[in-house]
Structures are given as structure tokens and as C-alpha cells.
Amino acid sequence: MHTPILEKEGQDSKKCLTDLVQKSTLQLERIPVKGYSEVVKVTDKQAGLSAIIAIHDLTMGPALGGIRIQPYATFEAALEDALRLAKGMTYKSSVAEVGFGGGKSVIIADPKKQKPEEMLRAFGAAVQELGGRYICAEDVGCTVEDVKVVRRSTQYVVGLAHSKSSGDPGPFTAWGTFRGIQATLKKLFGSDTLEGRTIAIQGLGNVGVNLAEFCFWAGANLILSDIDVVKVQKLAAKYGAKTLPSDQILFAECDILAPCALGAILNDQTIPRLRCKGVAGCANNQLLKDSHADLLKERGILYAPDFVINAGGLLNVAAELETEGYVPANPRRKVHRIYDTLIAIYEISEKNRESTHAAAIALADYRIKYGIGKRVVSPTFHHSAEM
Ligand code: NAD
């Protein structure tokens, strides 16, 4: 049975309710989930909000993770996604040493049709209620404009479009993914040049578009795909790229397959049909199950663990919470080093005869166990109330 947080925690929690919460029908209910610090079901009938905030682990610092807006078929499907994504954020933050824990939220709605201001504001009020244990940012279906609305009811937001914030994390994620592709090529071929290499990109959104550009300028031959056919044609013309329909891109003959759309695309059905030498893309939770990393290893396909290669956006949003404020050169330097982190993980996995995914998780767990990279100074929110 779900226990309403506000009732359970009594008077103190009630005191910190914002006016908005008191006037609204916002409800926060805890869902007990083993292995997770806190999972909250958020609803506001008036505002049309149905959401989940999942906080996986707070050992290294407050949980930081994006808001995914997606029309899940069922509440259970949304919960499963939120839990998987939140756990992935714990690993990602640990390996990237940003001093944050893992969390993620999902809003059950169609981002193309249903993003009314009241819904986003009600969500922000729920984030505020958690008192900084969860800090949100953009993710799939949620734009910089959307987080600006969320910001109206909570300070615990990053990735806003103003001078003290870090803005859209997409380009930083894309650069980290590009560096990850270089590292993967280095391990596969002894050279990290993209000159003459074929890179197949699935998904041309915030990250995929920037990644395509970086790969183009580095001399790669591109194969592009997106469910938005107009977008694909436009970019293909710009870069002289080949295209493939969205149901065929995963099976493109290429050096590197870069999944940059949604998760669970590496599974029993797809892995036997892959024709790439390496998988290095930004999508979260690319493996349907951890064991699929072993299947990739058996097939001799080098896999760049998603939570390592796609940490660029996290490094960028985390940088705005530093005491001195957002200095773009700081995350740039750290994102660049994703190359070295991946090379180290490839070496460890080879030495230990384990999958690259297992090696990356072992590294994340080790850092959490010994508090390596743990936050010592509280994050500073530099945005003022009017931003
Ligand atoms: P986005 O929503 O901007 O873009 C996703 C793109 O994928 C869209 O253009 C969509 O049309 C396309 N797409 C969806 N299904 C597809 C399919 N079956 N085949 C081909 N294309 C398809 O998202 P984004 O911000 O670019 O992020 C992409 C992925 O990277 C997500 O998994 C996200 O969680 C992950 N990620 C993003 C960031 C970031 O900074 N934006 C950071 C870390 C991880």
C-alpha cells in the first residue's frame, strides 16, 4: 500500500508546503522499492499530472537526473523505466565523479500534445517537496523551455537557458559520445581516427544531430536514421550521408553503431543481426538486460557502456552547481576525458575477461563503496527566483 509522504512525515513536512501545493490537488505517495532510496508517485488531477520520481542512491550526493516525458502504456511500464533510468544515473554519476547520486523522473504524457504549463508547474512543486534530494534537468521529451516552466515552482533544476545556467546538455553529451567513438575505434583498430570509418547513427535529436556534425567533420561516412523522415532527409543532404529506415539502422554494416534514440535496443532479437564492430552511442539503457553485454562480447562486438559514454550532459549540468558558478571550460575538460575512462574500462574488461558493462559497473560500485568522488560541498543554485 502506498503511504502519502505528507501524512506519514507529519507536521514538519506540511510546514514546508508551498502555497501552490496547498491550493492544488498535488499528491505524493511513496512506493517502497527494494534497493532504492525513495520512489514517489506524483499525481495532480487538476493539473493533469501523473509522474514518478525515482531516487536510487544518495551515497555520493543528492540525486541528479533528467525528466523524461513519454506516453507510457501503463503505470507499471513507466515505473520500470524510471527505476532503470535512476539506477543508471547512480552508475553514471559515480564513474564521472560528479559528486551526485542517481535519480530520474518520468511524466506520463505525450510530449507532442500534452505539456500544459500547470502540469509542469505541479511537477516542479513535487520536486520542491523533496527538499533537494532530487535535482531535475531535461531528458527525452522535455526541452529547455519545459524546465524553465518547472523552475517556476522549484529551485532544484539545472540546464536552464540563462547566463548562470548550463543550458541544453545535448552538445556536451554529443562531444562525450564522439570521444567515446574515438576510444572505441582506438581499441578496435589501434587508431582513433574517424577518417574513412562508417558510423551509423540511430536517432537525430538533441544529441544525434550534434554527433552527426562532429563525425562528419572528422571524416566519417555517415548512415543516418530517425522516425522523423523529414529530419533524416535534411541532414543526409547536408552531410552527403546514406539513410536507412528506422527498422533497419541497427543492422547497418558499419564500424560503429551509435544508438542515440531510446533504450533496450540491444536484446536477443537484435544482437545476432548486428553488423557493426563496435556499439558506441548516447542512448540510456541500451541493453535490455545486463546479460546482453555478454552476448555482445561473445559476438566480438566492442560495447561502450552507455552510462560512461553519455556522461557529457551530466558533467555539464553538474558544473553549474559548483560554488564558483558555471564555467564552460571545466565540463569541457572533463567531457574530453571520457576517452581515457573508456580506454581504461576496455583494458580492465579484457584483463578480467568480463564484459565492458560489468567492468564499468564494478568501477562505479568501487567508487561508491570507498566514497571516491563523494560530494563534500553542498551544491549552489545560482539562479535567482525570477529566472
Ligand atoms: P531527443 O528526444 O532529442 O531525440 C531522440 C531522437 O530519436 C528523436 O529525433 C526521435 O525522433 C528519434 N527516434 C525515436 N525512436 C526512434 C527509432 N526507433 N529509430 C530512429 N530514431 C528514433 O533525445 P536526445 O536528447 O537526443 O537523447 C537521445 C538519447 O540519449 C536518449 O536515450 C537519452 O536518454 C540519452 N541521453 C541524452 C542526453 C542529453 O544530454 N540530451 C544525455 C544522456 C543520455
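Biologist: Where does the ligand sit?

Modeller: This is a predicted model. Pockets were searched for over the protein atoms alone. The ligand sits in the largest pocket.

Biologist: Which helices each supply at least two residues of the shell around the ligand?

Modeller: The shell draws at least three residues from each of domain 1 (13–151) and domain 2 (170–369). At least two shell residues come from each of two helices, α6 (170–189) and α7 (206–217).

Biologist: How many charged residues does the shell have?

Modeller: There are 23 residues around the ligand, with Arg68, Thr173, Asp226, Lys231 and Ala261 coming nearest. By class, nine are nonpolar and nine are polar. The charged residues number five.

Biologist: Which residue offers a polar backbone atom to an oxygen atom of the ligand?

Modeller: Two side chains can be set aside here. Threonine 173 has a side-chain N or O atom 2.7 Å from a ligand oxygen. Asparagine 284 places a polar side-chain atom 2.8 Å from a ligand oxygen. The backbone partner, at 2.6 Å, is alanine 261.

Biologist: How much of the ligand's accessible area does the protein cover?

Modeller: On its own, the ligand has 830 Å² of accessible area. The share covered by the protein is 83%.

Terms used. Residues numbered from 1 in each chain as written. Predicted model: local features only at pLDDT ≥ 70, side-chain atom pairs only at ≥ 80, totals over all residues. Heavy atoms only, no water. Near = heavy atom within 4 Å. Polar contact = N/O pair within 3.5 Å; in protein donor to acceptor, adjacent residues only side chain to side chain. Areas by Shrake-Rupley, 256 points an atom, 1.4 Å probe, with all protein chains shown as cover. 1 Å grid on protein atoms, 1.4 Å probe; cavity = no way out; pocket = protein on both sides within 12 Å on 5 of 7 lines; lining within 4 Å. Sits in = over half its atoms within 2 Å of the grid points. Helix = DSSP H or I, 4+ residues; strand = E, 2+ residues; numbered from the N terminus. Nonpolar A, V, L, I, M, F, W, Y, C, P; charged D, E, K, R; others polar. Domains from an automatic or database assignment.
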